[in-house]
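Reader: Hey, I've got a protein model open and I'm a bit lost. Can you walk me through it?

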Amino acid sequence: MGDLPVDGVSYQTGDYIGQSQVAYIGNDTSFRPSYIVAGQTYYFKIFAFNGPPGYENYKQTNPAVLQVTTPVNMIGNYYQGINSSSPTFLSDLKAKVNPHVQIFYNQYSDYIIDKFQYRDTSAGAKVITCSYSGYEYVYYPPFTWDVMSREHTFAHSWFPSYPAQNKKEYSDLHNLLPVELNNANVVRSNHPFGEVVTITSQFLQAKYGKDANGNNVYEPKDNIKGDVARAIFYMLTCYNGSQGYTWVLPSFQDQEILKKWHEQDPPDAFEMARNDFVHSVQGNRNPFIDSVHFVCYIDFYTMSYINPSANCLTQSINEYSGNYQAKIFPNPACNQLNIESGSIMENLVVYDIDGKIVKQQKIFDKSYSFSLSVGELSQGLYFLEIHFVDGNKYRLKFQKN
């Protein structure tokens, strides 16, 4: 926060001043920053200046200072009346998420790219990341669809309403991701998602090839796998029965792989913020981002309700933790929850009993121990998920008093 502009330097949006980045230049009394994610604190300083380019004189004393913390989510009472224990859960959930405003396919960049997902980089350029591969596309506005494309995560050819170019399901923002065209979108085509063991082709962090059963599958980068699964779950839930069409997961798409990815890659701050943004313009939410245990009650091959013997989060505690262990105390906790681990921790995620993420904490010093503030949480049962630096995870239950 001590970084100051230098007189005589003409900065552009995205340029760095020390550790800070220029977010806006102009005369407006307000602006909209880009790439804002959930549960993060942002710090702003506003500097007045005069003089022509190359001769700027910045007022460096007493700049206006602002600190803004974004909410973890903006769910509110959206799911009021939805009960995962009810036999009508699936139809109730569909009735909640299906009615929405159609943002047309050719409007995608106007909303997702220009208002939410681009990031500023130096010299006035902007960057969009390919969701599947991690490829960074640098461009100077305006954005055009040449190197990048709009990818239907739930493939268009899978739609029972195919071809559906003019229908809501074709342009649904919850299902469309920006990906590199020739090496990601074209290669994925309409192949099912899976885990590649024999690589046919690879583009950065994305792979195409054979899975353990010899099927052709596409495997995106690890930190988008859960997003992919949740987009597919959403499409099946939102559109099943609409216009008389039956939407079910194709038999060639492994349901267990998607549920595994959903669990191993839970919603992060970016995905939650994207869900909030899509809700703000399209008018509906992806429930599998908001409540991660909802998948336990649905057989996506038949789109039928199943009643598991226990809450999904409870069933899966420690199931993929390997030899990683951790302890927490005191439990029950009032204001602080102390965590000690035998491995280096990187991130902490707290879920409530309904599977909603209520708190996330990045551990910047890569520590073996940490004290997590839980005073703001309501009384009740929670699940703490510990993310280790090597990608392993561990879950523990705790009570908040």
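Author: Sure, we'll start with the whole chain and then go through some single residues and salt bridges.

Reader: Anything I should know before we start?

Author: This is a predicted model, where local features need pLDDT of at least 70, side-chain atom pairs count only at pLDDT 80 or more, and totals for chains, interfaces and linings use all residues. Residues are numbered from 1 along each chain as its sequence is written, and side-chain values use heavy atoms, with hydrogens and water left out.

Reader: OK, how many helices and strands does the protein chain have?

Author: There are nine helices and 23 strands. These are DSSP runs numbered from the N terminus: H or I over at least four residues for a helix, E over at least two for a strand.

Reader: And what's the radius of gyration?

Author: The protein chain has 23 Å, which agrees with the value near 21 Å that a compact globule of 401 residues would have. That radius is taken over C-alpha atoms, and the globule rule is 2.2 Å times the number of residues to the power 0.38. Along the principal axes, the C-alpha atoms fill a box of roughly 70 × 55 × 45 Å.

Reader: How much of the chain counts as buried?

Author: 49% of the 401 residues. Buried means under 20% relative accessible area, exposed means over 50%, and partly exposed is in between, using a 1.4 Å probe and protein chains only.

Reader: Switching topic: where is Glu271?

Author: Glu271 is in helix α7, residues 269–282. Its relative accessibility is 4%, so Glu271 counts as buried.

Reader: What is Glu271 in contact with?

Author: Leaving aside neighbours within four places in sequence, Glu271 contacts Asp227, Arg230, Pro266 and Ile289. Contact here means heavy atoms within 4.5 Å.

Reader: What about Ser291, where is that found?

Author: Ser291 is in the loop between α8 (287–290) and β15 (298–299). Ser291 counts as buried because its relative accessibility is 1%. Not counting residues up to four places away in sequence, Ser291 touches Asp354, Gly355 and Lys356.

Reader: How far apart are Ser291 and Glu271?

Author: They're 20 residues apart in sequence and 13 Å apart in space, going C-alpha to C-alpha.

Reader: Now charges. How many salt bridges does a search of the whole structure find?

Author: It finds 16. A salt bridge is a side-chain nitrogen of Lys or Arg within 4 Å of a carboxyl oxygen of Asp or Glu.

Reader: Cool, which residue does Glu136 pair with?

Author: Glu136 forms a salt bridge with Arg119, and the closest N and O atoms are 3.0 Å apart. That pair links distant parts of the chain, with Glu136 in strand β9 (residues 136–139) and Arg119 in strand β7 (residues 119–120), 17 residues apart.

Reader: Is Glu136 buried or partly exposed?

Author: Glu136 is partly exposed, at 39% relative accessible area.

Reader: And what does Glu151 meet in a salt bridge?

Author: The side chain of Arg188, at 2.9 Å from N to O. Glu151 sits in strand β10 (residues 148–152) and Arg188 in helix α4 (residues 181–188), so the pair ties together parts 37 residues apart in sequence. Glu151 is buried at 3%, and Arg188 is buried at 0%.

Reader: One more: what's the partner of Glu263?

Author: Glu263 forms a salt bridge with Arg395, with 3.2 Å between the closest N and O atoms. Glu263 is in helix α6 (residues 255–264) and Arg395 in strand β23 (residues 393–400), 132 residues apart.
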